[in-house]
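Trainee: Please show me how to read the domains and cysteines of a protein model.

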Amino acid sequence: MSAPEDYAEEAALYRDALVDAAIRNSVTCLELGSGGGNNALFLKERFTMTLVEPSEGMLAHSRALNPECEHVRGDMRDVRLGTTFDCVFVHDAVMYMTTEDDLQRAIETAFVHCADGGSALFCPDHVKENFESSTDHGGHDGKHGDRRAMRYLAWTRDPEPDDTTYTVDYAYVLREADGTTRVEHDRHIEGLFSRETWLRLLRKAGFDPKVMPLRHSELEAGKHEMFACTKAAITSAHKASVIDRLRRDVHATVGPGYEARIEWLAEMHREFTSEPEVYVERVVEDVQQLFHDEFIDTDWPACPVCRRHPMWLRDGAWGACDGSTVPLGELRSTK
Ligand SMILES: C[S@@+](CC[C@H](N)C(=O)[O-])C[C@H]1O[C@@H](n2cnc3c(N)ncnc32)[C@H](O)[C@@H]1O
C-alpha cells in the first residue's frame, strides 16, 4: 500500500528516539512486526537489523528490499530469539494487539529481547486520548513499466468506545495490467488503549517509558505520540524500593526532612551502577556519609548493642556488633 520512500522522514524520527532513549551504544536493532520492511530500509543505515514478521508475503517483500537484514517468521506475542539487541522497535504492527493481554505479551517480548541499557520504541497509530474518526486516501502507480496501480480509501472509526478496539475499513480500487479495475473491501480491527494503560504495562514489564510527540510533516501536531523506553539495569522499581526503605529507616531514627536528598542520591547512582545489589549499597553508603559529614548523626544508624558506632549494610541488612542484623527499612526508633 505504501512506497518505501514515504517512510524516510518517519524512520529518521524513530532512529533518533531509539538512540536517545538508550544508555548504551546502539548497534543492533530488532523490529517486531516489520511488514514489508519499509522502515527497516532506512533504519538499516544506522543499525544492524533483525526483522520479525508473521506473514510470509510480507517477509518475501522485505527480503527483496532488505537482503542484508536477518528475517525471522514470528509473532510479537511469543517469539523468542534467545538473544538481546541494543534497541527494539515496534511500529504500527502493535495496533494488531487488540486486548490488554496481547499488548502486555508484545511488550514482554520487546523487554526480554532488549539488552540492559538498551531502548525500545512503540508507535501505536492512536491512543485513546487522541483518537478521532477520520478518512484517509492514497495509493501508487506501478513503476518501471508495471501497468498496475492502486488507490485506497481508509475510514477509521470507533463504533464501541468502551472496548479496546477501533475499526478501519479499507476500500481498494485495483487496476490490473490489462487495464481492468476491481474494488476490494478489507476490515481491520485494531487495538486502542489509553496512555495510562500503555505506561502501566510498559512499567510493569520493567521499562522506564516516556511519552514523545510524533512530529511529522504529514501529521497533525499533537495528535500522535510514541512511547520511548529505556531498559535501565537499575529500574525505577529498584530506585523506588531503596528510597522507600531508606526513608523508613531515616524517619524512625532521625526523623523526616531528608527525602529530597535521598531521592537525589538514588537517581544519581542509577546512571553509574549496573548491579541492583551494588546500587543499594552505594545509595545507602552515600546517605550514611551525608549524615556523618554534615553532623546530622555521626553514628547513623547507631549500633543498638553498644551505641558507640554506626552499623554497616551487608547483604541488604544492617549489622550490629553482636552479629545480629536488621533488614534495611526495618530500623526501630532509637529515641
Ligand atoms: C502495517 S504493516 C507494517 C508495516 C511496517 N511498519 C513497514 O515499515 O513496512 C503491519 C504488520 O503487522 C504484522 N502483524 C500483525 N500481527 C502481528 C503480530 N502478532 N506479530 C507481529 N507482526 C504482526 C502484519 O503481518 C503486517 O505485516
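The dialogue below takes up domains, their interface and the cysteines.

Mentor: This is a predicted model, in which local features need pLDDT of at least 70, side-chain atom pairs count only at pLDDT 80 or more, and totals for chains, interfaces and linings use all residues. Residues are numbered from 1 along each chain as its sequence is written, and side-chain values use heavy atoms, with hydrogens and water left out.

Trainee: Which domains does the assignment of the chain give?

Mentor: Domain bounds come from an automatic or database domain assignment. Here the assignment gives domain 1 (4-128 + 192-230), domain 2 (132-188) and domain 3 (236-327).

Trainee: How many residues of domain 1 are in contact with domain 2?

Mentor: Contact means heavy atoms within 4.5 Å. In this model 12 residues of domain 1 touch 12 residues of domain 2 in that sense.

Trainee: What area do domain 1 and domain 2 bury between them?

Mentor: Buried area is the accessible area (1.4 Å probe) that two parts lose on being put together, summed over both. For domain 1 and domain 2 the value is about 880 Å², with 43% of it on carbon and sulfur atoms. Of the area that domain 1 buries against domain 2, 45% comes from His126, Lys128 and Leu192, more than from any other three residues.

Trainee: How many salt bridges cross the interface of domain 1 and domain 2?

Mentor: A salt bridge is a side-chain nitrogen of Lys or Arg within 4 Å of a carboxyl oxygen of Asp or Glu. The rule finds 1 across this interface. As for salt bridges in the model, Glu132 and Lys223 form one through their side chains (2.8 Å, N to O).

Trainee: Why is Cys306 not bonded to Cys321?

Mentor: A disulfide is a covalent bond between the sulfur atoms of two cysteines. The rule asks for a pair of cysteine sulfur atoms within 2.5 Å, and the count comes to 0 disulfides. The closest cysteine sulfur to that of Cys306 is in Cys321, and at 3.8 Å it is too far for a bond. Cys321 is in no disulfide either, the nearest cysteine sulfur being that of Cys303, 3.6 Å away.
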